[in-house]
Amino acid sequence: MEYEVIDGKGIIPDGTTEIAFQAFKGCNSLQSIEIPDSVTQIGDEAFSGCGSLQSIVIPDSVTEIGRWAFAHCTSLQSIEIPDSVTQIDGSVFCRCNNLTSIIVPKNNSRYKSTNNCILTKDGKKLVLCRNHNIPDNVTMIERWAFSGCTSLQSIEIPNIVTEIGEDAFRCCFSLQSIVIPDSVTKIGESAFSGCISLQSIEIPDSVTKIGWSAFEDCTSLQSIVIPNSVTEIESHAFSGCNSLQSIVIPDSVTMIGAQAFSCCTSLQSIDIVTQEKEPDLSLERIEYLLQALSEYSKEFSLRVPIGCG
């Protein structure tokens, strides 16, 4: 299928049922487009990188909007998702930093909108958001929900949220602080990856596992305290945190994944703490931690509780 752009307007032939993968990707001359009502699916990355696209009308025939479909459309200011759409995720408007109006009509059976956010109909899952306030009833922040929100500086997560999805805040370059409530039990893979302005984070003691690449390349992060509820630190969890100077690891941690702290070139001290009056941190456990951490810094001090070994 061939598409045309004439005088800034995209032309899609009548009878088209699917706008193909990357159909208009990177088309900087595209300013507006009207999608015919024969279209049922907008493919992945269909309009990604169309930096001049200002307006688009999505017809009621469309049921699915693919991943990254409008990502990096930096001139797009408003969008209406029709009643017919039953599939959309947080990647769709990634890096659309001028998008100030997202509307889902009330008749949509699966989604609703509020304050520039899209939620599931029951309001419990936050699909995507271009706002700094998370609605009160949200219990799950889905994958990519805030990904690429480069103007986001701080956010407070409601204390009923139990899960932060994969890539949820990925590449939020201006994010400096975030409060994670005790209700959160899971921080997904790459959840805060690339948040280069994040200086500190407090992980609540409700979390049991820190996911793969969860804080990778958080280059301003200087210290981290891992609560004694955590048993696993997955691969690349803090990789590339080159300002990280100190880590507090509880003796509850039984697994540290490959390269969990790789390229942490400023790391100076690692504290292993225990909640027990008589610590039971065996020599084998100490040796395991030393082996797991030693590759990440040329020189650091490892402090363990008295009575261990």
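Select Gly10 to begin: its bridge partner is Ile33 in strand S4. Strands here are DSSP runs marked E of at least two residues, while helices are runs marked H or I of at least four residues, and both are numbered from the N terminus. The model is predicted, so local features need pLDDT of at least 70 and side-chain atom pairs count only at pLDDT 80 or more, whereas totals for chains, interfaces and linings use all residues. Residues are numbered from 1 along each chain as its sequence is written, and side-chain values use heavy atoms, with hydrogens and water left out.

**The sheet around Gly10**

Extend the selection to S2 and strand S4 (residues 32-34), which pair in the parallel sense over 2 bridges. Two strands count as paired if DSSP finds at least two bridges between them. S2 and S4 belong to an open sheet of 4 strands, ordered S1-S2-S4-S6, in which the pairing is mixed. At its edges are S1 and strand S6 (55-57), each of which pairs on one side only. On average, neighbouring strands of this sheet are turned by 25° against each other, direction ignored; the axes behind such angles are lines fitted to C-alpha atoms.

Next, select Val5, a residue of strand S1. Is Val5 buried, partly exposed or exposed? Its relative accessibility is 30%, so Val5 counts as partly exposed. On this scale, buried means under 20% relative accessible area, exposed means over 50%, and partly exposed lies in between, with a 1.4 Å probe and protein chains only. Beyond residues up to four places away in sequence, Val5 touches Gly10, Phe24, Cys27, Ser29 and Leu30, where contact means heavy atoms within 4.5 Å. A distance can also be drawn from Val5 to Gln31: the two are 26 residues apart along the chain, and their C-alpha atoms are separated by 9.0 Å.

Move along to Asp7, in the loop between strand S1 (4-6) and strand S2 (9-11). Asp7 is not a glycine, yet its phi is positive, at about 50°. With a relative accessibility of 80%, Asp7 counts as exposed.

**Two hairpins in succession**

Select strand S10 (residues 111-114) together with S11; the two run antiparallel and are joined by 4 bridges. Lys112 has Leu119 of S11 as its bridge partner. This hairpin has 2 residues between its strands, and Asn115 takes a positive phi near 50° there.

Now add S12, which runs antiparallel to S11 and is joined to S11 by 3 bridges. Here Cys117 stands opposite Cys129 of S12. Between S11 and S12 the hairpin has 4 residues, and Gly123 in the turn has a positive phi of about 80°.

**The nonpolar cores**

Which residues have the most contacts inside the largest nonpolar core? They are Ile141, Phe146, Ile164, Phe169, Phe192 and Phe238, within a core of 52 residues. At least two residues of this core come from each of strand S11 (117-120), strand S12 (125-129) and strand S22 (246-250). Another core, of 36 residues, lies apart from it and includes Cys27, Leu76, Ile81 and Ile118. A nonpolar core is a set of buried Ala, Val, Leu, Ile, Met, Phe, Trp, Tyr and Cys residues joined through side-chain atoms within 4.5 Å.

Centre the view on Phe169. Leaving aside neighbours within four places in sequence, its contacts include Ile141, Phe146, Ile164, Phe192 and Ser193.

**The loop with Ser190 and Ser193**

Follow that last contact to Ser193, in the loop between strand S17 (186-187) and strand S18 (200-202). Ser193 has 5% relative accessibility and therefore counts as buried. Its side chain reaches the backbone oxygen of Glu216 at 3.4 Å. Apart from residues up to four places away in sequence, Ser193 touches Phe169, Arg170, Cys171, Ser213, Ala214 and Glu216.

Ser190 is found in the loop between S17 and S18. Its phi is positive, near 60°, although Ser190 is a residue other than glycine. With a relative accessible area of 3%, Ser190 is buried.

**The whole chain**

Finally, display the entire protein chain, which has 1 helix and 25 strands. Of its 309 residues, 51% are buried. The chain exposes about 14,100 Å², of which carbon and sulfur atoms supply 42%; accessible areas come from the Shrake-Rupley method with a 1.4 Å probe. Among contacts between residues at least 6 apart in sequence, 29% join residues at least 24 apart.

Technical notes:
A polar contact is a pair of N or O atoms within 3.5 Å; within protein, one must be able to donate a hydrogen and the other to accept it, and residues adjacent in sequence count only if both atoms are side-chain atoms. Axes are lines fitted to C-alpha atoms, for helices over the stretch in contact, and angles run from 0 to 180 degrees between N-to-C directions.
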